[in-house]
Amino acid sequence: MRRGLTLALLLAASAPLHADGGITVGQIERDGLRVTVFVAPVPVRAGPLDVTLLVQEIPSNQPVTDANISCSVQKVGPPSPSPVRLPAWCSSIAPGARIPATPAHSRNKLLSGAYLPLTEPGRWELNIQLTRGPASFSVSLPLDVAAPQQPLSTWWPLIALVPAAILLYAWRTILLRARRKHAQ
Amino acid sequence: MRDLEEAVRRSVGPQAAGFLWFAVFVFSVVVLPLALVRACGWISSVASGQKLPNLASGFSVALAPLGFAMWVAHISFHLFSGVLTPWPILLRIARDLGLGTAAPDWNVPAPVFEGLPGLQILFLNAGLLFSLWILWRKSLALTRRAMPVFLPWALLAAALYAAGIWLIFLPIDIPGAINPP
C-alpha cells in the first residue's frame, strides 16, 4: 500500500512526458562543440518546422546552455505551385528571417529551439548560426519538405470500408437464413 | 492539447498541474475504461432482458484485436520513419571504437510515404472488424436475441476506432520539447 502510494506520488510529481516524435537531421562537431539538430514533424512537411538543438562540449559531452543560436530556412529548389497557409502565430515570420533558438522553446532546458516557416514543399536549407565565446560558426543542412499531410477527408473511402464490410456480412447472414428456410 | 496544458500550468501552477494531469491520466486509463466496460455489460443485460453472467470480462477480451491493431498502426509509423536511423549510430559506434573513420551522416531520409495514414487506417479497420466479429459470435453464443447484447459493445469498439483514427492525424512532438509560442 505504502509502495503504491509512493509510486503514485512520484508519478503525480513528474512532468508530463510527450510522445516520441522528431528526427535527427544533423550532428556537427566544430570548435570544441557538438551540435545535434532535431526537427519535427516527421517527415518534414510544409508548415511550421520545429527545430530543436542540443549543444554539448567535446569531449566531456557536458550540455551547453549559454550559446547564442539562431536559425533560418531558405528555399533552394524551384518555387512550388502549391504554397501552404501557415497558422497565424507562424505566418508573420518571413522565410529567411533569422530566429533565435532559445531554451524557452522547450520544456527540457538543455535544448534550444525555434519554429520556422516552411511555406511550400520542395528542397529547403536549414541554416544554424552559433556563437559561444571565441567559437562562432554557421552550418547548413538540407531539408526535403513534403506536401502538408492530407486531411482526414482524403481517407474517407478507406474508413467507409468498415460499414461496407458490415453490410456485406449482414447480407450474407440474411441470404444464408433465407436459404435455410427455403430448404426446410 | 499543448495550449490546454500550458493554460492549466499557468492558472494552477506547475505542481498542481502535475497532480491534475495525474488525476486525468488515472481517470482516462483506469476509471473510464472500467466504467465503460461495466456500463456496456449492464446495458447488454438490460437490453436483452436476461440475466447474463460475467459479460464484462468475457466481452472486453474481444476488444483485444482492436488494441493490437492500434499498436501495429502506431509502430508502423516508427518503423518507416526510423528504419534507416541505425546506420549513423553504427558508424558512430565504429568510429568511437576506432574501427572506422567515416563521419556519420545523421540526415538520413525518413521513408514515410504519403499513403502511410491509409495503411494505418487499414490496420485499424482489420482490428475493428475482427473485434466486431468476435463480439457478434459471443453475443450469438449467449442468446438468440443477440443484437441488444452486441450493440453497446459494438458502439464502444467504434468509439475506440474513432479515437484511433483521430490519433493518426495528430502531430507528434519531439520528446521534452515544445512550448507553444
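Which residues in helix 4 of chain A meet helix 6 of chain B? Keep that question in mind while you set up the view. The model is predicted.

**Stop 1: the helix pair**

Select residues 161-183 of chain A, which form helix 4, and residues 116-142 of chain B, which form helix 6. Their axes come within 10 Å and cross at roughly 30°. Angles under 35 degrees count as roughly parallel, so helix 4 of chain A and helix 6 of chain B are roughly parallel to each other. The crossing of helix 4 of chain A past helix 6 of chain B is right-handed.

Now show side chains. From helix 4 of chain A, pick L161(A), V162(A), A165(A), I166(A) and Y169(A). These meet residues of helix 6 of chain B, among them L122(B), L128(B), L129(B) and L132(B). Add N125(B), W133(B), W136(B) and R137(B) to complete the chain B side of the contact. By class, this contact has eleven nonpolar residues, one polar and one charged.

**Stop 2: a salt bridge in chain A, and its network**

Next, turn to charged pairs. Side chains of opposite charge can pair when their charged atoms come close. Over all chains, the count comes to seven salt bridges.

Select E29(A) and R34(A). Their side chains meet in a salt bridge, at 3.0 Å from N to O. Is each partner buried or exposed? E29(A) counts as partly exposed, at 36% relative accessibility. R34(A) counts as buried, at 8%. Now add R95(B) to the selection. E29(A), R34(A) and R95(B) are linked in a network of salt bridges.

**Stop 3: a link across the chain A sequence**

Move to E120(A) and K75(A). Their side chains form a salt bridge, with N to O at 2.6 Å. E120(A) lies in the loop between strand 6 (111-118) and strand 7 (122-132) of chain A, while K75(A) lies in strand 4 (residues 68-75) of chain A, so the pair ties together parts that are 45 residues apart in sequence. Color by accessibility here. E120(A) is buried, with a relative accessible area of 12%. K75(A) is partly exposed, at 22%.

**Stop 4: a pair within one helix of chain B**

Finish in chain B. Select helix 5, residues 86-96, and show D96(B) and R92(B). How many residues apart are D96(B) and R92(B)? They are four residues apart, about one turn of the helix. Their side chains meet in a salt bridge, at 3.6 Å from N to O. D96(B) is exposed, with a relative accessible area of 53%.

Definitions and conventions:
Residues are numbered from 1 along each chain as its sequence is written. Chains are lettered from A and ligands numbered from 1 in the order in which they are written. This is a predicted model: local features need pLDDT of at least 70, side-chain atom pairs count only at pLDDT 80 or more; totals for chains, interfaces and linings use all residues. Side-chain values use heavy atoms; hydrogens and water are left out. Axes are lines fitted to C-alpha atoms, for helices over the stretch in contact, and angles run from 0 to 180 degrees between N-to-C directions. Helices (H or I, at least four residues) and strands (E, at least two) are DSSP runs, numbered from the N terminus. Angles under 35 degrees count as roughly parallel, over 145 as roughly antiparallel, 65 to 115 as roughly perpendicular and the rest as oblique. A crossing is left-handed if the near helix is turned anticlockwise from the far one by less than a right angle, and right-handed if clockwise. Contact means heavy atoms within 4.5 Å. Ala, Val, Leu, Ile, Met, Phe, Trp, Tyr, Cys and Pro count as nonpolar, Asp, Glu, Lys and Arg as charged, and the others, Gly among them, as polar. A salt bridge is a side-chain nitrogen of Lys or Arg within 4 Å of a carboxyl oxygen of Asp or Glu. Buried means under 20% relative accessible area, exposed over 50%, partly exposed in between (1.4 Å probe, protein chains only).
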